[in-house]
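Subject: Structure for your files

Hello,

Here is the structure you will be working with. My notes on it follow below the display.

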Amino acid sequence: MVDCLDDLCEEVTGGSGTVGVIQEADRLLDADYFPLFVSVLCQGADRANSSVDLDGFPLDRPAISEHFVFEFREFDPGRVARLVEQPDLIVSQGDGFVAASLDPAEWH
């Protein structure tokens, strides 16, 4: 899935980037795979947002912005943050949002 998300870059978007919206994300909160799903989306976004490959060599394309938004019917930021927290992610919480990204110390 990470490779597929990375492939969405320039060829599909024309270099403008992508935003994936997951509607009714409440249904995912109780799934055992929810934290892994968020991590995989972060990995895909990190690869797309990078201008170098996994070995650190420059890519033939510019970095492309790729983000994912989860829409909840009933949003409990504390619960979402607790469910998403993992050693490989940096999770931050603010007024009306929870954000997750790869921890560079773990991934780069």
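Arg27 is exposed, as its relative accessible area is 68%. Please keep in mind that this is a predicted model, and that goes for every value below. Arg27 forms a salt bridge with Glu24, with 3.2 Å between the closest N and O atoms. Glu24 itself is partly exposed, because its relative accessibility is 32%.

Glu24 has a second partner. Its salt bridge with Arg73 has its closest N and O atoms 2.9 Å apart. This pair links distant parts of the chain: Glu24 sits in the loop between strand 1 (18-22) and helix 3, Arg73 sits in the loop between strand 2 (66-70) and helix 4, and 49 residues separate them. Arg73 is exposed, at 65% relative accessibility. Glu24, Arg27 and Arg73 are thus linked in a network of salt bridges.

How many salt bridges does a search of the whole structure find? The count is 3. Besides the two at Glu24, there is one between Asp30 and Arg79, where the closest N and O atoms are 2.5 Å apart. Asp30 belongs to the loop between strand 1 and helix 3 and Arg79 to helix 4, so this pair ties together parts of the chain that are 49 residues apart in sequence. Asp30 is exposed, with a relative accessible area of 63%. Arg79 is partly exposed, with a relative accessibility of 29%.

Now the overall layout. The protein has 5 helices and 4 strands, and along the sequence they come in the pattern α-α-β-α-β-α-β-β-α. Of its 108 residues, 32% are buried. Among contacts with a separation of 6 or more, 56% are between residues 24 or more positions apart. The accessible surface is about 6900 Å², and carbon and sulfur atoms account for 51% of that.

Next, the interior. In soluble globular proteins, nonpolar side chains tend to be buried together. The largest nonpolar core here has 14 residues, and the members that touch the most others are Phe34, Val38, Val84 and Leu89. Two elements give two or more residues to this core: helix 3 (34-48) and helix 4 (77-84). Helix 3 supplies the largest share, 4 residues.

Which residues does Phe34 touch, not counting those up to four places away in sequence? They are Leu28, Leu29, Phe70, Leu83 and Val84.

Helix 3 can be checked for length. It has 15 residues, and at 1.5 Å a residue it should span 21 Å; the C-alpha atoms at its ends are 21 Å apart, so the two values agree. The buried residues of helix 3 are Phe34, Val38, Ser39, Val40, Leu41, Cys42, Gln43, Gly44, Ala45 and Ala48. An α-helix has 3.6 residues a turn, so residues three or four places apart point the same way. In this helix, the buried set includes the unbroken run from Val38 to Ala45.

Two places bring separate stretches of the chain together. Pro77 is in helix 4. Its C-alpha atom is 6.1 Å from that of Val98, with the two positions 21 residues apart in sequence. Setting aside neighbours within four places in sequence, Pro77 is in contact with Gln93 and Val98. The other place is Gly96, in the loop between strand 3 (89-94) and strand 4 (97-102). Gly96 and Phe75 are 21 residues apart along the chain, and their C-alpha atoms are separated by 8.1 Å. Is Gly96 buried or exposed? At 56% relative accessibility, Gly96 counts as exposed, because the cut-off for that class is over 50%.

Last, the surface. Val19, Val21 and Val69 make a nonpolar surface patch of about 240 Å². Val69 is in strand 2. With a relative accessible area of 37%, Val69 is partly exposed.

Regards

Note on methods: Residues numbered from 1 in each chain as written. Predicted model: local features only at pLDDT ≥ 70, side-chain atom pairs only at ≥ 80, totals over all residues. Heavy atoms only, no water. Buried < 20%, exposed > 50% of the residue type's maximum accessible area, 1.4 Å probe, protein only. Contact = heavy atoms within 4.5 Å. Areas by Shrake-Rupley, 256 points an atom, 1.4 Å probe, with all protein chains shown as cover. Core = buried A, V, L, I, M, F, W, Y, C linked by side-chain atoms within 4.5 Å. Expected span 1.5 Å × (residues − 1). Salt bridge = Lys/Arg side-chain N within 4 Å of Asp/Glu carboxyl O. Patch = residues over 30% accessible without salt bridge, like charges linked within 9 Å, V, L, I, M, F, W, Y side chains within 5 Å.
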